[in-house]
Amino acid sequence: MNFETVVNDVKTRVEDVSNRAQGVAELSLDTVRKANDIVVPTFQNIFDKQSGAARELFESGKTSVTRVRNDGLKAVAANPIEYLPAGRTVVVDAFSASVDLTAKAGTELAEVLRKAYEDALARINGKPAKKAAAKKAARKATAKKTATKTAAKKAAAKKAAS
C-alpha cells in the first residue's frame, strides 16, 4: 500500500463518518422540534386549567368571606361548614386534568424519542431508516393502484361511449 491510498481511504472514511454525524445532528434538531410541539401546548393547557381553578377558588373564597362578614360571627360559629368555600371538586378536577395531560404528553414524547433513537442508530450504522422506506413504498404502491384504477375507468368509459 502506498501513502496516497491510505490517505484516500482515511479521507473517505472520515467523510462517511462526518455525513452520518450530520444526519444524526439533523435528526436531533427534528426530534427537539417534535418534542417542543408536544411539550409547549401541554404545559399551556395545564397552566390554563390550573390558573382557571385558582381563579375559581379565589372567587369562591372571596364569596365565603363576604358571607361571613355579612352574617356575623354567631352564624359562622353555629354552622361553620356552610361557610367553607366549595373548592374540592375544582382542585380535584384540575389535578386530574393535569395528570391526564401529562400522561398523554409523556406517551407521545416516549414514542418520538424511541423513533428518534432508532433512526439515529440506523444513521450511525449507515442504514436507511426502516419506516421511511416502508412509507415511500406504500405511497408508490397506492399511487400505482390509483393510476391503474383511473386507467381502467377511462377504458370502461371509452367502451361505454362506443
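What is the mean pLDDT of the chain, and what share of its residues reach 70 or more?

1. Confidence in the model. This is a predicted model, and the opening question can be answered for the chain as a whole: its mean pLDDT is 82, and 78% of its residues reach 70 or more. The confidence varies between the elements, since helix 3 has the highest mean pLDDT among them, at 92, while helix 4, which covers residues 130–161, has the lowest, at 57. A reader new to the structure may wish to keep these two values for helix 3 and helix 4 in mind while going through the points below.

2. Overall make-up. The chain contains four helices and zero strands, and, read from the N terminus on, its elements follow the order α-α-α-α. Of its 162 residues, 16% count as buried. The chain exposes about 12,900 Å², and carbon and sulfur atoms supply 63% of that area. Among the contacts in the chain with a separation of 6 or more, 77% are made by residues 24 or more positions apart.

3. The span of helix 1. Helix 1 takes in residues 3–71. Its 69 residues should span 102 Å at 1.5 Å a residue, and because the C-alpha atoms at its ends lie 99 Å apart, the expected span and the distance in the model agree.

4. The buried residues of helix 1. Which residues of helix 1 are buried? They are Gly23, Val24, Leu27, Thr31, Ala35, Ile38, Thr42, Ile46, Ser51, Ala53, Ser60 and Ser64, and what covers them includes helix 3. Several of the points that follow return to members of this list, namely Val24 and Ser64.

5. Val24 and its contacts. Val24 belongs to helix 1 and has a relative accessible area of 18%, which is why Val24 counts as buried, the limit being under 20%. Leaving out residues up to four places away in sequence, Val24 touches Ala120, Arg123 and Ile124. A further distance can be given for Ala122, which is 98 residues from Val24 in sequence but 9.4 Å from Val24 in space, taken from C-alpha to C-alpha.

6. Ser64 and its contacts. Ser64 is also placed in helix 1, and with a relative accessible area of 9% Ser64 is buried. Apart from neighbours within four places in sequence, the residues in contact with Ser64 are Tyr83, Leu84 and Pro85.

7. A salt bridge between helix 1 and a loop. A search of the whole structure finds seven salt bridges, one of which joins Glu82 to Arg67, with the closest N and O atoms 2.9 Å apart. Glu82 lies in the loop between helix 2 (73–78) and helix 3 (88–124), whereas Arg67 lies in helix 1, so this pair ties together parts that are 15 residues apart in sequence. Both partners are partly exposed, Glu82 at 43% relative accessibility and Arg67 at 31%.

8. A salt-bridge network in helix 3. How far apart are the N and O atoms where the side chains of Arg114 and Glu111 meet in a salt bridge? The distance for Arg114 and Glu111 is 2.4 Å, and these two residues both lie in helix 3, three residues apart, or about one turn of the helix. An α-helix has 3.6 residues a turn, so residues three or four places apart point the same way. Arg114 also meets Glu118 in a salt bridge, at 2.7 Å from N to O, and because Arg114 and Glu118 are four residues apart in helix 3, about one helical turn separates them. Salt bridges with shared partners thus join Glu111, Arg114 and Glu118 into one network. The members of the network are partly exposed, with relative accessibilities of 32% for Arg114, 42% for Glu111 and 37% for Glu118.

9. A nonpolar patch on the surface. Where in the chain is Val10 placed? Val10 is in helix 1, and together with Val6 and Val14 Val10 forms a nonpolar patch on the surface, the three having about 230 Å² of accessible area together. Val10 has 45% relative accessibility and counts as partly exposed, in contrast to Val24, which is buried at 18%.

How values were computed: Residues are numbered from 1 along each chain as its sequence is written. This is a predicted model: local features need pLDDT of at least 70, side-chain atom pairs count only at pLDDT 80 or more; totals for chains, interfaces and linings use all residues. Side-chain values use heavy atoms; hydrogens and water are left out. Patches are made of residues with over 30% relative accessible area and no salt bridge: like charges are joined within 9 Å, nonpolar side chains (Val, Leu, Ile, Met, Phe, Trp, Tyr) within 5 Å. Accessible areas come from the Shrake-Rupley method with a 1.4 Å probe; for residues, only the protein chains shown count as cover. A salt bridge is a side-chain nitrogen of Lys or Arg within 4 Å of a carboxyl oxygen of Asp or Glu. Buried means under 20% relative accessible area, exposed over 50%, partly exposed in between (1.4 Å probe, protein chains only). Contact means heavy atoms within 4.5 Å. pLDDT is the predictor's confidence in each residue, from 0 to 100. The expected span of a helix is 1.5 Å times one less than its number of residues.
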